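Colleague: Hi! Could you walk me through the aromatic side of this one, and then a helix pair?

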Amino acid sequence: SLNQLNIVIGISAAFFSNYFLLQLANTPSLEPFIWEFTQDNVWRWMLAIEVLPALLFLVALAFVPQSPRWLVMKSRESEAFAVLSRLFHSQHCHEQIAAIKEGLQSGPAKKALPLADLFGPGLRWCLALGIGLAVLQQITGINAVFFYAPMIFEQSGIGQDAAFLQAVLVGMVNLTFTVLAMLLIDRLGRRPLLLGGLVGIVLSMGLLAYGFGSASYQISTTALLNAGLPSDVVDLLMPMNGQVFESEIALNDALAASIGQSQALQWKGELVKATIQANAGLILVAILGFVASFAISLGPIMWVMLSELFPLHVRGIAVSVAGFINSTVSFCVQLLFPWQLSTLGTALTFALYGLFALIGLVLTWKYVPETRNKTLEELGSQLLSRDAGRS
């Protein structure tokens with residue numbers, strides 16, 4: 001769970017950093033002292049400041065030791081003992097090395113495990129559960145919300161400053177509920193937290209879809225002039241002054257008819273932000289509910305269950321496969337999110353995420369076992385029997 005905790009601390013720090021930089025960019029007196037530090041260029045600084053933690057991480061890597069288990073696998077026991085001695089007294093180090101050697105002798109971990117072995121009898125079901133959890137964690141849209149939070153809040157009609165401030169609030173809720181999950185995960189168990197969190201995700205995404213779906217869009221002269229549109233586009237839209245549209249789709253159709261499909265797609269984001277009349281409070285509550293539900297369930301529990309589902313001799317490569325798939329799905333979600341907003345609309349996009357969470361809830365209820373207080377042998381026997389029943 002500490003892995004997820006550190007991830008959310010980093011995300012929260014980024015939200016704070018971005019909001020702080022935005023406030024500095026709104027301070028005209030600083031511009032002569034910082035090269036092009038204006039609101040138009042602040043996004044460059046938001047990216048550039050990532051160099052600092054990256055350099056710190058690079059330096060810190062020099063002090064990270066090799067895994068004692070890996071060193072023993074490579075017959076480098078003296079180095080493994082030196083690593084363990086930084087954590088334990090001498091007697092305990094010998095016990096740890098003996099336990100590692102015993103574990104290696106009881107499984108085929110002395111040699112590299114072929115990737116194809118993960119798909120063999122007895123492991124397929126473990127792998128299916130691990131991959132399912134890895135996909136579910138990302139396909140519910142968590143990184144779309146994290147990485148596009150200010151844009152989503154701006155889509156609800158609040159200003160840029162308020163959008164970045166609410167993004168900070170998202171980071172704080174994420175951090176708080178991740179810590180809460182760490183406190184409860186061994187008391188309540190993995191499965192109850194997972195199911196409860198998925199219920200919260202379904203409800204929150206449904207509320208978010210309703211919040212954007214019930215919004216209306218009113219075109220006004222002031223909105224057009226403040227949207228940052230080219231003058232020729234503004235002139236074409238002026239005849240629509242005062243018109244109200246009950247859905248984002250109706251607005252898109254009207255824009256396409258007035259300025260053409262290509263320009264309507266190009267300027268849709270700015271026009272939606274300028275014309276939307278939505279319940280911003282409801283949207284904020286829905287997003288915070290979604291983040292809280294994720295942080296107390298899928299966020300940390302996926303990593304915990306991955307470490308508990310797989311037998312020891314395949315855990316390294318199995319968790320690597322699941323982690324790779326998790327990152328791939330995350331990449332796809334982030335890549336597609338802007339396209340989804342412009343093509344499907346905000347309400348339908350979040351409704352789809354809610355649908356994915358609902359499917360995940362049903363599958364989790366039916367197939368995912370509780371791993372708390374179960375030995376690897378007990379879990380292995382349970383999952384092996386399931387796998388055998390499907391062979």
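Modeller: Happy to. This is a predicted model. To start with a definition, two rings of Phe, Tyr or Trp count as a pair if their centres lie within 6.5 Å, with the six-membered ring used for Trp.

Colleague: OK, so how many aromatic pairs does the count come to by this rule?

Modeller: There are 6 aromatic pairs. One aromatic cluster is formed by Tyr 148, Phe 212, Phe 337, Phe 350 and Tyr 353.

Colleague: Back to the pairs, what sort does Trp 125 form with Tyr 367?

Modeller: Trp 125 and Tyr 367 are edge-to-face, with 5.5 Å from centre to centre and 75° between the planes. Trp 125 sits in helix α7 and Tyr 367 in helix α20, so this pair ties together parts that are 242 residues apart in sequence.

Colleague: Is Trp 125 buried or exposed?

Modeller: Trp 125 is buried, at a relative accessible area of 12%. Its partner Tyr 367 is partly exposed, at 23%.

Colleague: And what about Phe 337 and Tyr 353, how are they arranged as an aromatic pair?

Modeller: Phe 337 and Tyr 353 are stacked: 6.4 Å centre to centre, and 20° between the planes. Phe 337 belongs to helix α19 (residues 315-343) and Tyr 353 to helix α20, so here the parts tied together are 16 residues apart in sequence. Phe 337 is buried, with a relative accessible area of 0%, and Tyr 353 counts as buried too, at 2%.

Colleague: Now the helices. At what angle do the axes of α7 and α20 cross?

Modeller: The axes of α7 (residues 124-139) and α20 (residues 346-367) cross at roughly 155° and come within 10 Å. An angle over 145 degrees counts as roughly antiparallel, and α7 and α20 are therefore roughly antiparallel to each other. The crossing of α7 past α20 is left-handed.

Colleague: Which residues in α7 meet which ones in α20?

Modeller: From α7 you have Trp 125, Leu 129, Leu 136 and Ile 139, and they meet Tyr 353, Phe 356, Gly 360, Thr 364 and Tyr 367 in α20. By class, that contact has 7 nonpolar and 2 polar residues, with no charged ones.

Colleague: Changing topic: where does Asn 18 lie?

Modeller: Asn 18 is in helix α1 (residues 2-25). Asn 18 is buried, with a relative accessible area of 18%.

Colleague: What is Asn 18 in contact with, leaving aside neighbours within four places in sequence?

Modeller: With those neighbours left aside, Asn 18 is in contact with Met 46 and Phe 164.

Technical notes:
Residues are numbered from 1 along each chain as its sequence is written. This is a predicted model: local features need pLDDT of at least 70, side-chain atom pairs count only at pLDDT 80 or more; totals for chains, interfaces and linings use all residues. Side-chain values use heavy atoms; hydrogens and water are left out. Axes are lines fitted to C-alpha atoms, for helices over the stretch in contact, and angles run from 0 to 180 degrees between N-to-C directions. Helices (H or I, at least four residues) and strands (E, at least two) are DSSP runs, numbered from the N terminus. Angles under 35 degrees count as roughly parallel, over 145 as roughly antiparallel, 65 to 115 as roughly perpendicular and the rest as oblique. A crossing is left-handed if the near helix is turned anticlockwise from the far one by less than a right angle, and right-handed if clockwise. Contact means heavy atoms within 4.5 Å. Ala, Val, Leu, Ile, Met, Phe, Trp, Tyr, Cys and Pro count as nonpolar, Asp, Glu, Lys and Arg as charged, and the others, Gly among them, as polar. Rings of Phe, Tyr and Trp (its six-membered ring) pair if their centres lie within 6.5 Å; planes under 30 degrees apart count as stacked, over 60 as edge-to-face and the rest as tilted. Buried means under 20% relative accessible area, exposed over 50%, partly exposed in between (1.4 Å probe, protein chains only).
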